[in-house]
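Good morning, and thank you for the time. I would like to take you through one structure, moving from the surface to the interior spaces and then to the charged pairs.

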Amino acid sequence: YLLTAIRDILKCLPKKRLATLVVKSTVPPSTLANKIVPLLKEHELSSGQNIGLAANPEFLREGFAWEDFIDPDRIVIGSNDEYVHEILKDLYKSFQAPIVTVNLNTAEFIKYLSNTLLSNLISFSNDMSMIGHTIGNIDIIKSFKTVHNDKRWFGEPAGMTSYVYPGCGFGGYCLPKDTQALYNTAREHQYRSKLLESVLEINNYIGKFLTDQFKPSVSIDSNISLLGLSFKS
């Protein structure tokens, strides 16, 4: 989809002035360098010469996209061209947020680093809850809420603590896709992330673990209500 969109954009580029192509899509690190740059060359365009190229990932929470866009906590501008950095810094200068300028690969990586941190926190919480449940006689809820009081989280407490809490695992569109994508990309570069592999395995297992807990008390005639099954209506 991304490559098709870029091909369509290239057909409409102004001929007499330098244009800057900004990719906001979440793509695995090295995608722009290994896929987009060669595509530009096919159209006789060279990043840093007759076209600008940047990675500008978004950090928008589900249900708070507008608020997070208008009031971001950070703005990441990735490019291998200082001229492009300056163009986008000028574009974002009215936003009251720190602007981080890095190269293309780093900008793509920061987005995955952010999302896989969340999936790690969720799977860590679920793994710990399963350990607590298996040992027995442990107040798992109170244990996690006590951990949230640690001042190192920053805040009152920090919102990140909502990810350090046991549940049914992570779903939706972003976290499963991005965690799997970064794991696959690392494998393509001959590194096997045992941590991400475990995060995905735990996330796949937690559903069965939870349903096994109430199976003995459920009969064929039981009515079951599911609350919070989806984060979207």
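I begin with Met128, which is found in helix α5. Please bear in mind throughout that this is a predicted model. Is Met128 buried, partly exposed or exposed? With a relative accessible area of 32%, Met128 is partly exposed. The residue also belongs to a nonpolar patch on the surface, together with Phe124, Ile131, Ile135 and Ile138. Taken together, the members of this patch have about 460 Å² of accessible area.

Let me stay with helix α5 and turn to the enclosed spaces. How many cavities of 30 Å³ or more does a search of the whole structure find? The search finds two.

The second largest cavity holds about 50 Å³ of space. Helix α5, which covers residues 104-135, gives the most to its lining, with four residues. The lining as a whole consists of Val23, Ser25, Thr26, Val27, Ala55, Asn56, Pro57, Ala107, Glu108, Lys111 and Tyr112. Sorted by class, these residues are six nonpolar, three polar and two charged.

The largest cavity contains about 150 Å³. Its lining is made up of 15 residues, and those nearest the centre are Pro57, Glu58, Pro72, Arg74 and Ile75. Pro57 thus appears here and also in the lining of the second largest cavity. Which elements each supply at least two residues of the lining of the largest cavity? They are helix α3, residues 65-70, and strand β3, residues 75-78. As for chemical character, the lining of the largest cavity divides into nine nonpolar residues, one polar residue and five charged residues.

From the cavities I pass to an open space, the second largest pocket. Its volume is about 210 Å³. The residues that line this pocket are Leu2, Leu3, Pro28, Pro29, Ser30, Thr31, Asn34, Lys35, Thr185, Glu188 and His189. Three helices give two or more residues to this lining, namely α1 (2-11), α2 (31-42) and α7 (174-188). Which of them provides the largest share? That is α2, with three residues. By class, the lining of the second largest pocket has four nonpolar, five polar and two charged residues.

Helix α7 deserves one further remark, concerning Cys174, which lies in that helix. At 29% relative accessibility, Cys174 counts as partly exposed. In sequence, Cys174 and Thr116 are 58 residues apart, yet their C-alpha atoms are 9.7 Å apart in space.

My last topic is the charged pairs. Side chains of opposite charge can pair when their charged atoms come close. How many salt bridges does the structure hold? It holds ten, and I shall discuss three of them.

The first on my list returns us to Arg74, already mentioned among the residues nearest the centre of the largest cavity. Arg74 forms a salt bridge with Asp73, and the closest N and O atoms of the pair are 2.9 Å apart. Arg74 is partly exposed, with a relative accessible area of 26%, whereas Asp73 is exposed at 54%.

The next pair is Glu86 and Lys89, whose closest N and O atoms are 3.4 Å apart in their salt bridge. How are these two residues placed along the chain? They are three residues apart in helix α4, residues 82-91, so about one helical turn separates them. Glu86 counts as partly exposed at 41% relative accessibility, and Lys89 is partly exposed at 33%.

The remaining pair is Lys208 and Asp212, whose side chains meet in a salt bridge with an N to O distance of 2.9 Å. Both residues belong to helix α8, residues 194-214; because they are four residues apart there, they are separated by about one helical turn. Lys208 is partly exposed, at 48% relative accessibility, and Asp212 is partly exposed, with a relative accessible area of 27%. Which residue joins Lys208 and Asp212 in a network of salt bridges? Lys215 is linked with them in that network.

To close, I would return to the two cavities found by the search, with about 150 Å³ in the largest and about 50 Å³ in the second largest, and to the second largest pocket at about 210 Å³. Thank you; I am glad to take questions.

Notes. Residues numbered from 1 in each chain as written. Predicted model: local features only at pLDDT ≥ 70, side-chain atom pairs only at ≥ 80, totals over all residues. Heavy atoms only, no water. 1 Å grid on protein atoms, 1.4 Å probe; cavity = no way out; pocket = protein on both sides within 12 Å on 5 of 7 lines; lining within 4 Å. Points joined across faces, edges and corners; volume = space filled by probe spheres on them. Nonpolar A, V, L, I, M, F, W, Y, C, P; charged D, E, K, R; others polar. Salt bridge = Lys/Arg side-chain N within 4 Å of Asp/Glu carboxyl O. Buried < 20%, exposed > 50% of the residue type's maximum accessible area, 1.4 Å probe, protein only. Patch = residues over 30% accessible without salt bridge, like charges linked within 9 Å, V, L, I, M, F, W, Y side chains within 5 Å. Areas by Shrake-Rupley, 256 points an atom, 1.4 Å probe, with all protein chains shown as cover.
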